[in-house]
Every structure is written in C-alpha cells, then in structure tokens.
Amino acid sequence: MSVPTNQDPARDSRLQQPGNSDHIDSSHQLPEHATGAKGGGLRTYIIILGLLLVGAFVGWRIYVNKQDTAAEANKAAAAANRPTPVQVVNVRQQTVPVFLSALGTVTAYNSVTINSRVSGQLLQVNFTEGQSVRKGQLLLQIDPRPYQAALDQAIGQKAKDEANLKNTQAEAERYTALYQAGVVSKEQQQLQISNSGQAEGSIKADDAAIEAARVNLGYTKIYSPIDGVVGLRQVDPGNIVNSGSSTGLVVVNQIHPISIIFTLPEDQLSQVQAAMKGGKKLVVEAYDRSDAHKISAGTLLTLDNQIDTTTGTAKLKAVFDNQDNALFTNQFVNVRLILSERQNATVVPTAAIETGTQGDFVFVVNPGPTPPEKRKNLPNAGVAAATGGKGKGKGSKGSSGSTGSETEAASSEGSTGATGGTGGKGRGSNAPPCPAMHADAVPVHVDFTLGTMSVLSDGELQTSQQVIVDGQEKLVDGSNVCPQQARPAAGASGSTGPVTTTGSTGNTGTPAKTPTAPTPDAEHNKHSHANNGGATQ
C-alpha cells in the first residue's frame, strides 16, 4: 500500500529553473542548523524527563502515605487495645427481704381540729405553734364573763323559785286542812296542790339552766383532747370566735405513734393475708420520694374491710413509733411491705448491669490475656491482622496473635494513667505494670433491685468473682483491663448493709433469655432498673 506524500515533482522542477518566478534564491533559505530538527528532539527529551520525575514523585508520595497510614493504624490499634483502667467490686451473697412496693401517705394517728363551742372574744393563746402538748392541757381562753353572768342569773332564778315553792307547799297544806274541815271545795284544794307541783318543776328547770350555764362557762377554756403537736393557729388573740364556725382555731396531731395509709392491688391481698396468718406482724418500711433512703420501720396494723371498685385497690394501715420525728403528716413515702426473706441471694451493684440487644449482662474480670476466640471482638483487630500483627512494644512481649499494643499496655507507660471511670487513680510512670487480665461479658437476669444493688438469679455468678462497676462503657467482650478495687461512695445507701437496713422488691421474676456476648459496635447503655412495677411477687 502506497503512502501519500506532500511532494510535488512538477513544482520542484519549476523552482529549479532560473527564469521561473517561483524560484527561491538560495541566499534566502534558512541555514540547516536552524531548521529545528535537533531542537525538537531536545524539547521532547526534557518533557519526557519531567514526566518521569513527576511520576516518580507521585509514586514516592503514594508509598509514603501508605506507610503513614499503616503506622497510624498500628498506633490506633495499640491505643484501642491497651488495658482499660476499670473499677471492680466483689460479688456478694446476703439475705434480702422479699416485699411488696406501694405509694403511701403519712397520716396522724389521731388528728383533732379545735373549734370553739361558744362565741366570744379570744383572750389568751396558751401554746407556742409547733409545741408538743399533753391531753388536758389548756390551749385557749375565751372571755368567760358573759357566761359567768348567765350562770349567776340561773342561780338567782333558782333561789326565787325555791321561795315560791315553799309558799305553794304551805298553801297546799292549808287548803288540804280546810277541805277536810269542809270549808273549801275539793277543786280549790287540788288547785293549790297543782301550784305546789309547778313550783317543784321550776326548781328542776333552774337546776338544768345552772348546769347549762356552767357548761358554757367551761367551754370558754379549751383544752387539748389528745397528746400531740399543735399546728399554726388560725385566729389571733382579740378576735371574736363563733361556735359552729367551719374554720378551726388550731389542729392537734398525734404523731407518736404515727400511721401510713397505702394501697395495694386486690390481686396481692391474698399474699398479705397468707403472711399474716397466725397473728404474725409484718414489717413495713418507709422510704423517701427517691426510694433510696430508708426513713423508718413499723408494723402493719390492718387491712381495710372493702376494695375500692373504682381503682381495684384496698387500703392498708401501718403504724410507726416515730420517736425521731422522721415521718411528717401528709408526707409522701414509698412503702415496702416485707413478706419474707431470701437467703444467700447473689447481689451486685446496679451500676455493674449493662444492657445489650439480648438482655442484661455484666463484665467479669478474669486472669490472663484475651482468649483467642474473642480477639476478633477487639477494636482494629482487622488492621492488626492486615499488618501482620506487628507493633512497637515498649514493655514485655504481648500475647501471641495480638497487636503490639498489648505490650505497650503491660508497660509502665504513663499512658495507662487515664482512669477508667470517675473514681479511679491514674497509673504514673513509676507504677508497676498491670497483670494480664481481661473482661468477659456474662449474661445475667436481674430478679429485683435492692436500693443501689441488684439481686441476680442464683447460680449466674460466684462470690469469688469481680464485676466492673466503672469504665465498662469502653469495653467489649474480651477487652484487656487494668482493675482497681472501687472505693465505697461517701454516704452510700444502707442497701449494702444487712437485711434490716435494706429493701427489695418481692418479685423473683422469670428467667430471662440468655443474651449473646456484645460485639465491638454494640451500644452499651447503662441499665436503669425499675422496681418491677413497684410490686413484687
């Protein structure tokens, strides 16, 4: 196949002829070195060289970036997998009460609203507001003078009527003698006898009037009808008080002892009645509004004799000595009616309970590094595998198959000084290295709460084990940990003490579905344990 060219033979022959006007003078032609043949090759060489340099630079940068990425990944894996400082407590067994929970209101054992039974001016108030008073103690004094005058008037009327009685009796006797002598008629005699009888009736009416006047006079002094505490007075001295007024003068409440009224669903009444068989006194505990601090303890007095059909509940009344005045009238309290006791119950702090997609679990500290079957759960496990599990350890050699971060974790670096929670101590550069320990997620079932503690189903944990109560939000199943014993919080609730100072719900619950071990991307939210609806069994 012929290749076309740009040469024209006829045109070239014309150019070579001298007389041809298209002939080009050789003096006007460019020199051979200026035709650009060599210049074009040099330019091409420079361009190719520049491209090679750019490509080499780009390749070098890509290589450096890969190395930096791998180094950062190793550092991230090392930081993620070093032991996490955590706070731990021992699993305990103790006797806990089984009870029913309810809402109650403190009421005075006896409450009296003092009203005036007579009208008059209030002269004296013989008490201090809030004072404890005894039965029969004088509280108020109303002006007695009008009632004393009424008494004197009744006594004077009686004296008058007594004189009249003597006269009528004498008249009756005279007319009787005259009738027997035949001087007066029978009718006149009977009239005088009747007048004498009327005079005797007047005397009896006068006696009643005197007694009424004395009673009204006595009402001018108002005494306390019970032992108790007086409240704020409603009327000041100098004011006029009226009998039958709807506003009382003062209220006296008996608070030693004091009572609490609470309600329970009708379905739970059978449990209470069964526990009360044989005259057994059931213990009732009163807790504050937060249901965390015990206020006082008393005994169940009685159940109401009917169920409220509107709410389906029945009222119960408990009595408390209240010698320390911890309970106050109309105070709202949480009531725990203890039915029985549960022996050797497994108890852990509620702060140790975590919630996963399959239920509740706790982190239990076990000796040794992360087991091989759980290393896949650790953060950046894939990065460590891709980089061949290499890392720059600064301490002893890490466990096999794990990243070099584990060796960093075991060292005495100050990096382990970060606390795993709110109460931990940091590990300084001079602190001894943490022993190789890891945290396992153990499924549990919470039967009920016990103040700040939770009671678990039997057999799930042993008393020799330790559970993590602070720092577990950073953990996954198999994480390396650096445990420290948690210090008890100042002013902790009595829930960690013996059964007599703690409470629980009575619901032993049903077995929960066994949760699966949490994964690294699982969200571990703190579990807030309610009181199983407030009731129990």
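## Report on a predicted chain of helices and strands

Asn330 lies in the loop that runs between β12 (313-320) and β13 (332-349). The coordinates discussed here belong to a predicted model. With a relative accessibility of 61%, a value over the 50% cut-off, Asn330 counts as exposed. Leaving aside residues up to four places away in sequence, Asn330 touches Thr105 and Val106. Gly104 is 226 residues away from Asn330 in sequence, yet the C-alpha atoms of the two are 9.4 Å apart in space.

The loop between β12 and β13 also holds Asn325. The phi angle of Asn325 is positive, at about 55 degrees, although this residue is not a glycine. Asn325 has a relative accessible area of 43% and is therefore partly exposed, since that value falls between the cut-offs of 20% and 50%.

### Whole chain

Seven helices and 21 strands are found in the chain. The chain has 537 residues, of which 37% count as buried. When contacts between residues at least 6 apart in sequence are considered, 80% of them join residues at least 24 apart.

### Strand pairing

Several strands pair in the antiparallel sense, and the table sets out four such pairs.

| Strand pair | Bridges | A bridge partner pair |
|---|---|---|
| β2 (residues 92-114) and β13 | 13 bridges | Phe99 and Ile338 |
| β2 and β9 (residues 250-265) | ten bridges | Gly104 and Phe262 |
| β1 (residues 84-90) and β19 (residues 466-470) | four bridges | Val88 and Ile468 |
| β5 (residues 138-142) and β6 | three bridges | Leu138 and Tyr223 |

Strand β2 thus pairs with β13 over 13 bridges, and ten bridges join β2 to β9. Gly104, whose C-alpha atom is 9.4 Å from that of Asn330, stands opposite Phe262 in β9.

Two of these partner strands carry a notable backbone feature. Pro257 has its place in strand β9, and the peptide bond that leads to Pro257 from His256 is cis, with omega near 0 degrees. Asn344 is found in strand β13, and the phi of Asn344 is near 55 degrees, which is a positive value in a residue other than glycine.

Strand β19, which is joined to β1 by four bridges, has four of its five residues buried, so β19 is largely enclosed by the rest of the structure.

Strands β5 and β6 belong to an open sheet of four strands, in which the order is β6-β5-β3-β8 and the pairing is antiparallel. Because β6 (221-223) and β8 (240-241) stand at the edges with a single partner strand each, one side of each of them is left without a neighbour in the sheet. For β6, that partner is β5, and the two are linked by three bridges.

### A helix pair

Two packed helices are described by the angle between their axes and the distance between the axes. For helix α3 (residues 145-181) and helix α4 (residues 186-218), the axes come within 8 Å and cross at roughly 165 degrees. Angles over 145 degrees count as roughly antiparallel, and α3 and α4 are therefore roughly antiparallel to each other. The crossing in which α3 passes α4 is left-handed. The residues that make up the contact of α3 with α4 comprise 16 nonpolar, 13 polar and nine charged residues.

Technical notes: Residues numbered from 1 in each chain as written. Predicted model: local features only at pLDDT ≥ 70, side-chain atom pairs only at ≥ 80, totals over all residues. Heavy atoms only, no water. Buried < 20%, exposed > 50% of the residue type's maximum accessible area, 1.4 Å probe, protein only. Contact = heavy atoms within 4.5 Å. Pairing = 2+ DSSP bridges. Axes fitted to C-alpha atoms, helices over the stretch in contact; angles between N-to-C directions. Parallel < 35°, antiparallel > 145°, perpendicular 65-115°, else oblique. Left-handed = near helix turned anticlockwise from the far one by under 90°. Nonpolar A, V, L, I, M, F, W, Y, C, P; charged D, E, K, R; others polar.
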